[in-house]
Amino acid sequence: MSKTDHRCYALLLLMLWGFSAAAFGQNNDRFHIDMVIYGNNDPANMYEEEWPDNVHLRYPRNWVRLQSSTGASSPRIVDSSDPEFAKAAKSLRMSSRYKPLFLASWEQDLKPRKKAPAILIQGGKRHGKHYELEGYVRIAVERYLHLDTNLWLVSYGSRGGDYYLPHQPQSYDEVEEPLPLANQGFATTPEYAQFKEQNPGFQANTPYQQNTDNPIEQIVVMKQHRRMRSDELHFIDHPKFGVIIKVTKIPPPTN
């Protein structure tokens, strides 16, 4: 066989492999994800640290919502969970010290960090239009798995502070929520500069007053990054709440 024949044969194999992958839905970046977010009920944590009042919370434009039935490349909720993770989640539920706020298992095609969408999170007790736990997480894959959390735990009560909760987006074409009047100083912070870089074209020039059904006493933010390995249980610790996550590679179809 000549060199030309070898090249043609290799090209034919490559084309056949691509057709087979498309036909059978083969995806080397699909993972099974188990996650639980829990609150720490230890009364000592109420006074362990001083939490800042000037928190600035925003949702990015590149987001997805967990669904029970979605397209093949979108996060899809599943009923099954990893046995090791299920054991850890059961221990949380049986403990009086911890309170599960969010528990889900899903399948997702993971992307590099710069392209990974934010997964919207809501959990715990509902208070009007908001929940006890809100925010988002990003899960990405490069050389390692990466988890970025931007979650906020809200305490409601009779003493309302100067807090602002952003509206969680419901559709991709809805009008971007402007910054509240009380938080216009946010526009001069490094956090807002990063937000503008990630969301070009965003305009925040309309005064807005956030209306919550219950006064907010405290907002505690968990903004962390964790590099992970697949098939390992990972814990993200925090005085007020925490995350347990396990990410498992889904093998591609064999036929």
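Strand β3, residues 76–77, pairs with β4 in the antiparallel sense over two bridges, and in this pairing R76 stands opposite E107 of β4. This is a predicted model, so please read what follows in that light. The strand β3 belongs to an open sheet of five strands, and a second open sheet is also made of five strands. Below is a short tour of the sheets, the cores and a few side-chain pairs.

**The antiparallel sheet**

- The strand order here is β3-β4-β1-β10-β9, and the pairing is antiparallel.
- At the edges stand β3 and β9 (233–236); each has a single partner strand, so one side of each is left without a neighbour in the sheet.
- Further in, β1 and β4 run antiparallel and are joined by eleven bridges.
- If you would like to find this pairing in the structure, look for I33 opposite W106 in β4, and for D34 opposite S105 in β4.
- In a regular strand, side chains alternate between the two faces of the sheet.

**The mixed sheet**

- This open sheet follows the order β2-β5-β6-β7-β8, with mixed pairing.
- Its edge strands are β2 (63–64) and β8, each of which pairs on one side only.
- Between β5 and β6, which run antiparallel, there are seven bridges.
- H127 has H130 in β6 as its bridge partner.

**The nonpolar cores**

- The largest nonpolar core holds 29 residues, and those touching the most other members are M35, I37, F102, W106, I139, L151 and I245.
- At least two residues of this core come from each of β1 (30–40), β4 (98–109), β5 (118–127), β6 (130–141), β7 (145–156), β8 (216–228) and β10 (241–249).
- Another core lies apart from that one; it has 14 residues, including A118, Y136, L165 and I216.
- M35 is a good place to start exploring: leaving aside neighbours within four places in sequence, M35 is in contact with F85, F102, L103, A104, W106, V137, I139, L147, V243, I244 and I245.

**Aromatic rings**

- The model has three aromatic pairs.
- In one of them, the ring centres of Y38 and Y98 are 5.3 Å apart and the planes meet at 85 degrees, so this pair is edge-to-face.
- Y38 sits in strand β1 and Y98 in strand β4, so the pair ties together parts that are 60 residues apart in sequence.
- The two tyrosines are not equally covered: Y38 is buried, with a relative accessible area of 8%, whereas Y98 counts as partly exposed at 25%.
- Elsewhere, Y59, Y136 and W152 form one aromatic cluster; Y136 is also one of the residues in the core of 14.

**Charged side chains**

- R227 lies over the face of Y144, at 4.1 Å from the ring centre.
- K249 has its charged end over the ring of F31, 5.4 Å from the centre of that ring.
- R30 is found in strand β1 and is buried, with a relative accessible area of 12%.
- The side chains of R30 and D109 are joined by a polar contact of 2.8 Å.

Definitions and conventions. Residues are numbered from 1 along each chain as its sequence is written. This is a predicted model: local features need pLDDT of at least 70, side-chain atom pairs count only at pLDDT 80 or more; totals for chains, interfaces and linings use all residues. Side-chain values use heavy atoms; hydrogens and water are left out. A nonpolar core is a set of buried Ala, Val, Leu, Ile, Met, Phe, Trp, Tyr and Cys residues joined through side-chain atoms within 4.5 Å. Buried means under 20% relative accessible area, exposed over 50%, partly exposed in between (1.4 Å probe, protein chains only). Helices (H or I, at least four residues) and strands (E, at least two) are DSSP runs, numbered from the N terminus. Contact means heavy atoms within 4.5 Å. Rings of Phe, Tyr and Trp (its six-membered ring) pair if their centres lie within 6.5 Å; planes under 30 degrees apart count as stacked, over 60 as edge-to-face and the rest as tilted. A charge sits over a ring if NZ of Lys or CZ of Arg is within 6 Å of the ring centre and within 35 degrees of the ring normal. A polar contact is a pair of N or O atoms within 3.5 Å; within protein, one must be able to donate a hydrogen and the other to accept it, and residues adjacent in sequence count only if both atoms are side-chain atoms. Two strands pair if DSSP finds at least two bridges between them.
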